[in-house]
Amino acid sequence: MRARLSVWMLPFLLSTPAIAAPGDVFREPSPLPFHAPDFSKIRNSDFEPAIEEGMKRQRAEVNAIAADPAPPSFDNTIVALERSGQMLTRVSDVFFDLTQANTDGMLQKVEAKETPRLAAHHDAIYMDPKLFARVKAVYDQRDRLHLDGEALQLVKVYYQQFIHSGAKLSDADKAKLRAINTRESSLETQFEHRLLAGTKAGALVVDNVKQLDGLSAEKIAAAANDAKGRKLAGKWVIPLQNTTLQPDLLSLNDRAVREKLFNQRWTATEKGDANDTRATISEIAQLRARKAALLGYPNYAAYTLFDQMAETPEAVEKFLSRMVPATAAQEKREATDVQAVIDKSGGHFQLKPWDWDHYAQQVRKARYDLDEDQLKPYFELDNVLKNGVFFAANRLYGLTFKERKDIPVWQPDVRVFDVIDANGKPLGLMYFDYFKRDNKAGGAWMSNLVEQSNLLGNQPVIFNVGNFTKPAPGQPALISFDDVTTMFHEFGHALHGFFANQDYPTLSGTAVARDFVEFPSQFNEHWALDPEVLAHYAVHYQTRQPMPKALADKIRKSQTFNQGYALGELLASAELDMRWHALAANAPRQDVDAFETKALAAMGLDTTDVPPRYRSSYFLHIWANGYSAGYYAYLWTEMLDDDIFDWFAHHGGLTRANGQRLRDLILSRGHTLDYGPMFRAFYGKDPDIGPMLAHRGLPN
């Protein structure tokens with residue numbers, strides 16, 4: 001529906017250039033290619049009125065569906081719901097991109113105000129008894145409607161969503177659930193804001209450049225540049241990443257500085273100040289347990305896993321427990337090796353977490369003759385993107401990419417590319433926002449600015465976000481091999497989004513279970529080390545010479561190195577997540593430190609030397625990013641991706657035919673099928689943990 005002008009405004013508009021009212025930029029689809037948001041016209045002041053107007057419009061649309069006197073049908077109920085809320089989707093996609101990737105005080109205020117209102121808006125739709133009656137009527141007659149597979153799946157998903165959102169509750173219990181949802185959404189936003197502020201405030205400030213001994217000249221220059229940006233004259237700043245181990249722990253030679261950097265992250269949001277997240281966490285966990293009980297589940301893990309591939313907490317625990325013995329044994333072996341290097345170097349101290357990467361690097365160097373500093377000159381970011389990430393996508397799927405400068409972006413570092421299919425037809429637009437900023441959430445992610453839908457006539461507009469160190473002016477952006485892997489990972493999510501070919505947005509692209517959505521991304525990581533791909537992008541930024549084969553072979557041989565640590569930190573975080581969400585509704589509010597200590601001690605892993613990748617106070621995935629009782633998904637989907645890569649390895653590897661088969665059977669299917677059948681259609685059997693353990697060099 002187009003915005004209408006009041007009659008009294010017309011004479012004014014005939015003689016005066018129109019001034020858009022706040023929020024008007026979102027009322028209609030953007031006129032830019034693929035309906036890409038026009039960031040040159042979007043202002044912070046647009047979001048609150050646009051969100052409010054978007055909710056108002058959708059409420060009217062949904063009320064009309066619920067009050068429709070015609071008998072419920074697939075078209076007048078389910079399809080009508082799919083068409084509703086388009087303005088709200090447009091503004092929400094942009095708003096939550098910016099609050100994650102480029103936030104500020106005003107955006108945070110709007111987020112704090114609007115997220116509970118959005119939660120209440122969702123509840124108003126999914127607890128509407130008249131609307132649910134129509135959805136149920138369509139669901140009950142679904143087998144007689146002669147629907148195609150995607151339409152039938154959509155009916156099932158809608159019915160499940162209504163039930164799971166409380167549609168069958170009594171009025172009294174609906175009121176309780178609404179209150180919980182509103183409070184939980186406010187607390188999740190609060191956690192996110194406190195984490196961002198605490199992470200920024202926790203950056204390590206160094207007074208003497210000698211304390212940075214071991215860092216490259218580029219890193220030191222970046223630290224000086226960061227200090228300059230914070231107006232800290234004569235100092236150097238190492239910003240924190242949102243993981244327990246910080247990248248610079250590998251290189252810093254001063255043990256006291258390493259310990260301080262580690263502790264800055266470990267305690268950044270546990271200082272008893274305005275950025276302390278612990279009270280927020282304990283309340284979120286308690287609210288989620290109560291919510292699960294209201295809806296008939298023993299705990300929140302059982303509630304949230306109902307539509308996942310794993311299905312139950314018991315299946316998750318069985319899966320995780322299979323890896324613990326081999327991981328624990330490998331952790332011990334690795335700790336012994338690292339301690340031996342410490343002792344040999346004359347260090348008279350016991351191995352601590354802030355020592356692990358620094359001395360493990362020396363073990364790796366001795367064992368494989370491989371040093372991270374040898375690698376970075378071959379990994380210049382732009383070259384990795386164009387001649388690595390894009391090249392692999394071309395070889396597998398026939399895609400090509402063309403950078404364009406005419407699409408407005410939200411920050412000057414952001415780059416935009418046309419994505420062109422093998423048949424020459426455009427697939428959509430791709431944005432990259434790779435460099436770390438203090439106003440950007442930690443980690444890396446992919447999301448949509450426009451979701452694919454044949455029904456709505458939309459092609460995907462997708463972005464990848466990273467947190468790589470921005471080089472000082474005039475310096476190349478040299479990245480680690482871990483960063484290279486991150487680029488391939490996030491672009492795997494993008495491929496899943498670009499290959500979407502669904503009629504209905506609810507089922508489109510990456511709108512799948514958490515323990516399936518990471519499978520395409522982790523599968524794409526494998527191509528970073530494919531001989532043909534690596535040879536194409538691993539080029540020295542100065543000499544333009546390709547990486548010597550001997551060095552490339554060393555990288556491959558070293559891939560199973562330190563896997564006890566790598567798997568241990570993930571298992572510890574996954575178990576911590578599951579234990580938080582196994583709390584019963586009658587459990588008291590937890591003391592976060594005591595709960596975490598007890599949970600980690602019960603895991604059968606050495607969490608003293610190998611701490612969790614995320615501890616509770618900065619576990620963004622589970623407290624604000626939708627991975628509650630779902631962090632295991634990274635390991636579950638690693639099993640899936642290693643299975644599929646093993647299939648590729650036995651069927652010719654990097655070929656267009658194999659890429660097309662994966663695209664046809666999985667990457668283009670969205671949630672139009674259940675996950676088990678979709679996976680078996682490609683792999684021929686149920687998932688097998690063997691290839692995953694073999695890939696990590698662990699016994700099966």
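## Crossing of helices H13 and H21

In this predicted model, helix H13 passes H21 in a left-handed crossing. The two axes approach to within 8 Å, and the angle at which they cross is roughly 145 degrees. Helix H13 spans residues 313–344, while H21 covers residues 563–580.

On the H13 side, the contact is made by Pro 313, Val 316, Glu 317, Leu 320, Met 323, Val 324, Thr 327, Gln 330, Glu 331 and Glu 334. These residues meet Gln 563, Gly 564, Tyr 565, Leu 567, Gly 568, Leu 571, Ala 574, Glu 575 and Met 578 of H21. Sorted by class, the contact of H13 with H21 contains 10 nonpolar, 5 polar and 4 charged residues.

## The five-stranded sheet

An open sheet is built from 5 strands in the order S3-S4-S5-S7-S6, with mixed pairing. Strand S3 (400–404) and strand S6 (445–450) occupy the edges; each has a single partner strand, so one side of each lacks a neighbour in the sheet. On average, and with direction ignored, neighbouring strands of this sheet are turned by 30 degrees against each other.

Strand S4 (residues 415–420) and strand S5 (residues 426–435) run antiparallel and are joined by 6 bridges. Within this pairing, Ile 420 has Pro 426 of S5 as its bridge partner, and Val 419 is bridged to Gly 428 of S5. The two strands form a hairpin with 5 residues between them, and Gly 424 in the turn has a positive phi of about 90 degrees. S5 also pairs with S7, here in the parallel sense and over 6 bridges. In that pairing, Leu 429 has Val 461 of S7 as its bridge partner.

## Helices packed on the sheet

Helix H4 (residues 86–101) lies across S5, S6 and strand S7 (461–468), and its direction is at about 150 degrees to S6. Helix H17 (residues 481–498) also packs on the sheet, where it touches S3, S4, S5, S6 and S7. The direction of H17 makes about 165 degrees with that of S7.

S5 is thus a strand contacted by H4 and by H17. The strand is mostly covered, with 9 of its 10 residues buried.

## Salt bridges between distant segments

Side chains of opposite charge can pair when their charged atoms come close. The count for this model comes to 45 salt bridges. One of them joins the side chains of Glu 53 and Arg 27 at 3.6 Å, N to O. Glu 53 belongs to helix H2 (residues 44–66), whereas Arg 27 lies in the loop between helix H1 (10–15) and H2; the pair links distant parts of the chain, 26 residues apart. Arg 27 counts as partly exposed because its relative accessibility is 21%, above the 20% under which a residue is buried.

Glu 569 and Arg 613 meet in a further salt bridge, at 3.1 Å from N to O. Glu 569 is in helix H21 and Arg 613 is in the loop between helix H22 (592–601) and helix H23 (620–623), so the pair ties together parts that are 44 residues apart in sequence. Glu 569 counts as buried because its relative accessibility is 11%, whereas Arg 613, at 27%, counts as partly exposed.

## A buried pair and a charged network

Glu 638 forms a salt bridge with Arg 696, and the closest N and O atoms are 2.7 Å apart. Because Glu 638 lies in helix H24 (residues 633–649) and Arg 696 in the segment after helix H27 (690–695), the pair ties together parts that are 58 residues apart in sequence. Both Glu 638 and Arg 696 are buried.

Elsewhere, salt bridges with shared partners join Asp 382, Lys 386, Glu 403, Lys 405 and Arg 415 into one network.

## Surroundings of His 621

His 621 is located in helix H23. This histidine counts as buried because its relative accessibility is 15%. When neighbours within four places in sequence are left aside, His 621 is in contact with Tyr 614, Gly 626, Tyr 627, Ser 628, Tyr 631 and Tyr 634.

Note on methods
Residues numbered from 1 in each chain as written. Predicted model: local features only at pLDDT ≥ 70, side-chain atom pairs only at ≥ 80, totals over all residues. Heavy atoms only, no water. Salt bridge = Lys/Arg side-chain N within 4 Å of Asp/Glu carboxyl O. Helix = DSSP H or I, 4+ residues; strand = E, 2+ residues; numbered from the N terminus. Buried < 20%, exposed > 50% of the residue type's maximum accessible area, 1.4 Å probe, protein only. Axes fitted to C-alpha atoms, helices over the stretch in contact; angles between N-to-C directions. Left-handed = near helix turned anticlockwise from the far one by under 90°. Contact = heavy atoms within 4.5 Å. Nonpolar A, V, L, I, M, F, W, Y, C, P; charged D, E, K, R; others polar. Pairing = 2+ DSSP bridges.
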